[in-house]
Amino acid sequence: MTEIPATRMARATAEMVAERANVSRVAVSRAFNPNASLRPDKRELILRIARELNYFPDRAARTLVSGRSHLIGVIVPDVCSYWESQEIDTLTSALQNEGFATLLFKTRTDYSMDEQLLAYMRGFNPDSVIAFVENVKPQILTRFLDRAVPIYVDYPHSGVASPAESGPVFDRLNILQRDGIEQAIALLQGFGASRIAYLAGKTKSRASAARETMLRTIMNERGLAPPIQMAGDFGYEAAFQSTIDLFKVAGGADAIFAANDVSAFGALDALRHELGLRVPQDVSVIGFDDIAQANWKSYNLTTVKFDLEARVRALVRLILRRLNEPDSPGLEETLSTRLVVRGTVG
């Protein structure tokens, strides 16, 4: 005999949970909002009964009522690189703790984004969009957003936050690089380095360009010759080869300042394993970012640090402030950098 499948149970409702818990319908809604005020014992009771009844809030219905999707779009140039993967992981956890889900979008290799993909993103009606790339400009991005105000990560060349720009409203996280780079150059000078090379990132990266501009400014202020230019793309292989070329063709350097930590790893391995040079006795190396791997014993890299936790907290604050003040002009948060001294300078 063929067994008749069990009939699927009707979906539980908030009213059913409220009746079983002897609370109001509003209390049920508040129990599922981590930011709503509710006594811990009452929240625990409601959530337990909801689990027993297999009840969960209808996100689509809540969106229609509140006008908020609880979705945050994130536009990145790369999801596999060490810095981006660590930032995405930390940011996703922080957003989930605030009741948001993350929509991840990846740009083309030139940091631009297909307009069809931008139109697709609009269909999700995100509460906010964080753009970690500068080629998807506010003038482009805001055309594909409804009420959301995008957030951009900016690297002011002058070392101070630049004034608000005209055009579409957008919010900014300013990363001031001067302190960390100045500390790095002072340390190199203290150990006698005068011939310093800059191992660049991708040519279209505003972060790399701003980093190089600040490096040149500080070296000039401290009476040093301009940095020697080394080609790079933020990757290990390009840095490895560029370091070999620097010492076999261009006369070498006392120190290499890399645009990011992964490039610094490539430079370190080329110096030690291909060129037979000692770090830091023969050549000093400084990276940028302070990714988790920079503290690995095999690299023990001196690097300019972005505080990842502080950076993510600032982004979350911008999102929450914008949702609370939807008509405000451009909002800003500003963070600085600092040098983390390990074993590759000396």
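**Close-up 1. The lining of the largest pocket mixes 18 nonpolar, five polar and 17 charged residues.** This view comes from a predicted model. Counted together, the lining is made up of 40 residues. If you would like a place to start looking, go to Phe 132, Val 133, Glu 134, Ser 205 and Ala 207, which lie nearest the centre of the pocket. The space inside the largest pocket comes to about 850 Å³.

**Close-up 2. Several helices and a strand help to line the largest pocket.** At least two lining residues each come from α5 (82-97), α7 (138-141), β4 (150-154), α9 (206-221) and α11 (261-274). Which element gives the largest share of the lining? That is α5, with four residues.

**Close-up 3. Helix α1 (residues 14-21) crosses helix α3 (residues 40-53).** A handy reminder for this view: two packed helices are described by the angle between their axes and by how far apart those axes are. Here the axes come within 9 Å and cross at roughly 125 degrees, so α1 and α3 are oblique to each other. The crossing of α1 past α3 is right-handed.

**Close-up 4. Here are the residues through which α1 and α3 touch.** On the α1 side, the contact is made by Met 16, Val 17, Arg 20 and Ala 21. Facing them from α3 are Leu 45, Ile 46, Ile 49, Ala 50, Glu 52 and Leu 53. What kinds of residue make up this contact? Eight are nonpolar and two are charged, with no polar residues in the contact of α1 with α3.

Notes
Residues numbered from 1 in each chain as written. Predicted model: local features only at pLDDT ≥ 70, side-chain atom pairs only at ≥ 80, totals over all residues. Heavy atoms only, no water. 1 Å grid on protein atoms, 1.4 Å probe; cavity = no way out; pocket = protein on both sides within 12 Å on 5 of 7 lines; lining within 4 Å. Points joined across faces, edges and corners; volume = space filled by probe spheres on them. Nonpolar A, V, L, I, M, F, W, Y, C, P; charged D, E, K, R; others polar. Axes fitted to C-alpha atoms, helices over the stretch in contact; angles between N-to-C directions. Parallel < 35°, antiparallel > 145°, perpendicular 65-115°, else oblique. Left-handed = near helix turned anticlockwise from the far one by under 90°. Contact = heavy atoms within 4.5 Å.
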